[in-house]
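Student: I am new to this model and would like a close look at just one part of it. Please choose a part, describe it carefully, and then connect it to what lies around it.

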Amino acid sequence: VTEFKLAKAKELLVQTEWSIEEISKQVGYNHPIHFSRMFKKYENISASEYRQMNKKSSGSRRHKREPD
């Protein structure tokens, strides 16, 4: 389950402009701190570092609107 949540989070980190807090909620974490710790534990880098390293040069796939 954790791997599934983190896979979805990685997708959202690259494809959206949503905050880490919003992404953590979208993938099922109630506390962003817990999400951040789990992300770093499994990926060996922080969620923000992951986003920076994997940003797409094309903005066409990015969602700028906050989720409903």
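Tutor: Helices and strands are here DSSP runs, numbered from the N terminus, where a helix (H or I) has at least four residues and a strand (E) at least two. This is a predicted model, in which local features need pLDDT of at least 70 and side-chain atom pairs count only at pLDDT 80 or more, while totals for chains, interfaces and linings use all residues. Residues are numbered from 1 along each chain as its sequence is written, and side-chain values use heavy atoms, with hydrogens and water left out.

The protein has 4 helices and 0 strands, so that the order of its elements from the N terminus is α-α-α-α. The part I choose is helix 3, which has 12 residues and reaches 16 Å from its first C-alpha to its last, close to the 16 Å expected at 1.5 Å a residue; the expected span is 1.5 Å times one less than the number of residues.

To describe its two sides we need a second term: a residue is buried under 20% relative accessible area, exposed over 50%, and partly exposed in between, with a 1.4 Å probe and protein chains only. In helix 3 the buried residues are Phe35, Met38 and Phe39. They lie on the same side of helix 3 because they cover an arc of only 105° around the axis, the arc being that of the directions from the helix axis to the C-beta atoms. An α-helix has 3.6 residues a turn, so residues three or four places apart point the same way. On the other side of helix 3, by contrast, Ile33, Arg37 and Lys41 are exposed.

The buried residues of helix 3 pack against helix 1, helix 2 (20–26) and helix 4, where contact means heavy atoms within 4.5 Å. Two of these residues, Phe35 and Phe39, also belong to the largest nonpolar core, where they are among the members that touch the most others, together with Leu13, Ile23, Val27 and Tyr29. Such a core is a set of buried Ala, Val, Leu, Ile, Met, Phe, Trp, Tyr and Cys residues joined through side-chain atoms within 4.5 Å, and this one has 14 residues. At least two of them come from each of helix 1 (2–15), helix 3 (32–43) and helix 4 (47–54), with helix 1 giving the most, 5 residues.

Leu13 shows how these parts meet: apart from neighbours within four places in sequence, Leu13 is in contact with Ile20, Ile23, Phe39, Ala47, Tyr50 and Arg51. Helix 1 has Leu13 among its buried residues, alongside Leu6, Ala9, Leu12, Val14 and Gln15, and these pack against helix 2, helix 3 and helix 4.

Just past the end of our chosen part, helix 3 is followed by Asn44, whose phi is positive, near 65°. In the loop between helix 3 and helix 4 lies Ser46, which counts as buried because its relative accessibility is 19%. Leaving aside neighbours within four places in sequence, Ser46 is in contact with Phe39 and Lys40.

Beyond that loop, helix 4 holds Arg51, which counts as buried because its relative accessibility is 14%. The side chain of Arg51 reaches the backbone oxygen of Thr16 at 3.3 Å.

Key:
A polar contact is a pair of N or O atoms within 3.5 Å; within protein, one must be able to donate a hydrogen and the other to accept it, and residues adjacent in sequence count only if both atoms are side-chain atoms.
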